Amino acid sequence: MNAHFLMTVVGPDRPGMLNQLASTTHHHQGKWLNTRTINLEGQFAAIIKVEAPQSEMQQLQEALCEAPRMLVQIHECHPEQAVPAKPFHLQIDAADRPGLVNDITAALDGHGIAVEKLECHRVGSADGGTLFTAELAVHMPAELDPDIVMMELEGLSDRMIVQRI
């Protein structure tokens, strides 16, 4: 019988890091079901859903946690919520201001929207200001009208543009 767990990994990025984790998983008859990785400022971070035989689970988790120069943490998998949700992707562009990410995430939370992915950047503009841009992948309650959410988000700032992607 197979079991599942999530592992989070953080550490300084270096060649072979991901392969070391994959090799350890394979050695214990496991496989990666879903993976998200990022390299930011020379630091590597990942969250990985792993499936492995129950008989190998403890040895696999111990071996992964012993990986050198990486902080590996093991987390239990919880059954997915039965609430029907529809995936939705947004692009947000706005003049930057303090608290913008907080306001966006509060508006989404107020509608029961789960954020699957949030990637945001701030870049300088020609007029000396800063522009905020974000891409979001979210799961909305099935009965929620995306246009209402988009209008509410656009109301958070004078020069905010929200588009479906």
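Val 10 has Ala 45 in strand 3 as its bridge partner. That pair is a good place to start reading this predicted model, since it takes us straight into a sheet. Val 10's neighbourhood belongs to the pairing of strand 1 (residues 2-12) with strand 3 (residues 43-53), which runs in the antiparallel sense over 11 bridges. From there we can follow an open sheet of 4 strands in the order 2-3-1-4, then another open sheet of 4 strands in the order 6-7-5-8, and finally a salt bridge between Arg 36 and Glu 116.

**The sheet with strands 2-3-1-4**

- Pairing in this open sheet of 4 strands is antiparallel.
- Strand 2 and strand 4 are the edge strands, and each of them pairs on one side only.
- On average, neighbouring strands here are turned by 15° against each other, with direction ignored.
- Thr 8 is a handy residue to find, with Ile 47 as its bridge partner in strand 3 and Gln 73 standing opposite in strand 4.
- Strand 1 is joined to strand 4 (residues 71-76) by 6 bridges, and these two strands run antiparallel.
- Strand 2 and strand 3 also pair in the antiparallel sense, over 9 bridges.
- One spot to look for in that pairing is Trp 32, which stands opposite Val 50 in strand 3.
- Strand 2 and strand 3 form a hairpin with 2 residues between them.
- In the turn of this hairpin, Glu 41 has a positive phi of about 55°.

**Helix 1 and helix 2**

- Helix 1 (residues 17-27) lies across strand 1, strand 2, strand 3 and strand 4, and runs at about 165° to strand 2.
- Helix 2 (residues 57-65) lies across strand 1, strand 3 and strand 4, and its direction is at about 5° to strand 1.
- How do the two helices meet? Their axes, those of helix 1 and helix 2, come within 9 Å and cross at roughly 160°.
- Angles over 145 degrees count as roughly antiparallel, and that crossing therefore makes helix 1 roughly antiparallel to helix 2.
- The crossing of helix 1 with helix 2 is right-handed.
- On the helix 1 side you will find Leu 21, Thr 24 and Thr 25, which meet Leu 60, Ala 63 and Leu 64 of helix 2.
- Sorted by class, this contact has 4 nonpolar, 2 polar and no charged residues.

**The sheet with strands 6-7-5-8**

- This open sheet of 4 strands has antiparallel pairing too.
- Strand 6 (114-124) and strand 8 (161-164) stand at the edges with a single partner strand each, so one side of each has no neighbour in the sheet.
- Neighbouring strands of this sheet are turned by 20° against each other on average, again ignoring direction.
- Strand 5 (residues 85-95) and strand 8 run antiparallel and are joined by 4 bridges.
- To see where they face each other, look for Gln 91, which stands opposite Gln 163 in strand 8.

**Helix 3 and helix 4**

- Helix 3 lies across strand 5, strand 6 and strand 7 (130-141), running at about 15° to strand 7.
- Helix 4 packs on the sheet and touches strand 5, strand 7 and strand 8, with its direction making about 155° with that of strand 8.
- The axes of helix 3 (residues 100-110) and helix 4 (residues 146-154) come within 10 Å and cross at roughly 150°.
- Helix 3 and helix 4 are therefore roughly antiparallel to each other.
- The crossing of helix 3 and helix 4 is right-handed.
- Ile 104, Ala 107 and Leu 108 of helix 3 make the contact with Val 149, Glu 152 and Leu 153 of helix 4.
- By class, this contact has 5 nonpolar residues, no polar ones and 1 charged residue.

**Salt bridges**

- Side chains of opposite charge can pair when their charged atoms come close.
- How many salt bridges are there? The count comes to 6 salt bridges.
- One of them joins Arg 36 and Glu 116, whose closest N and O atoms are 2.8 Å apart.
- This pair links distant parts of the chain, with Arg 36 in strand 2 (residues 31-40) and Glu 116 in strand 6, 80 residues apart.

Definitions and conventions: Residues are numbered from 1 along each chain as its sequence is written. This is a predicted model: local features need pLDDT of at least 70, side-chain atom pairs count only at pLDDT 80 or more; totals for chains, interfaces and linings use all residues. Side-chain values use heavy atoms; hydrogens and water are left out. Axes are lines fitted to C-alpha atoms, for helices over the stretch in contact, and angles run from 0 to 180 degrees between N-to-C directions. Angles under 35 degrees count as roughly parallel, over 145 as roughly antiparallel, 65 to 115 as roughly perpendicular and the rest as oblique. A crossing is left-handed if the near helix is turned anticlockwise from the far one by less than a right angle, and right-handed if clockwise. Contact means heavy atoms within 4.5 Å. Ala, Val, Leu, Ile, Met, Phe, Trp, Tyr, Cys and Pro count as nonpolar, Asp, Glu, Lys and Arg as charged, and the others, Gly among them, as polar. Two strands pair if DSSP finds at least two bridges between them. A salt bridge is a side-chain nitrogen of Lys or Arg within 4 Å of a carboxyl oxygen of Asp or Glu.
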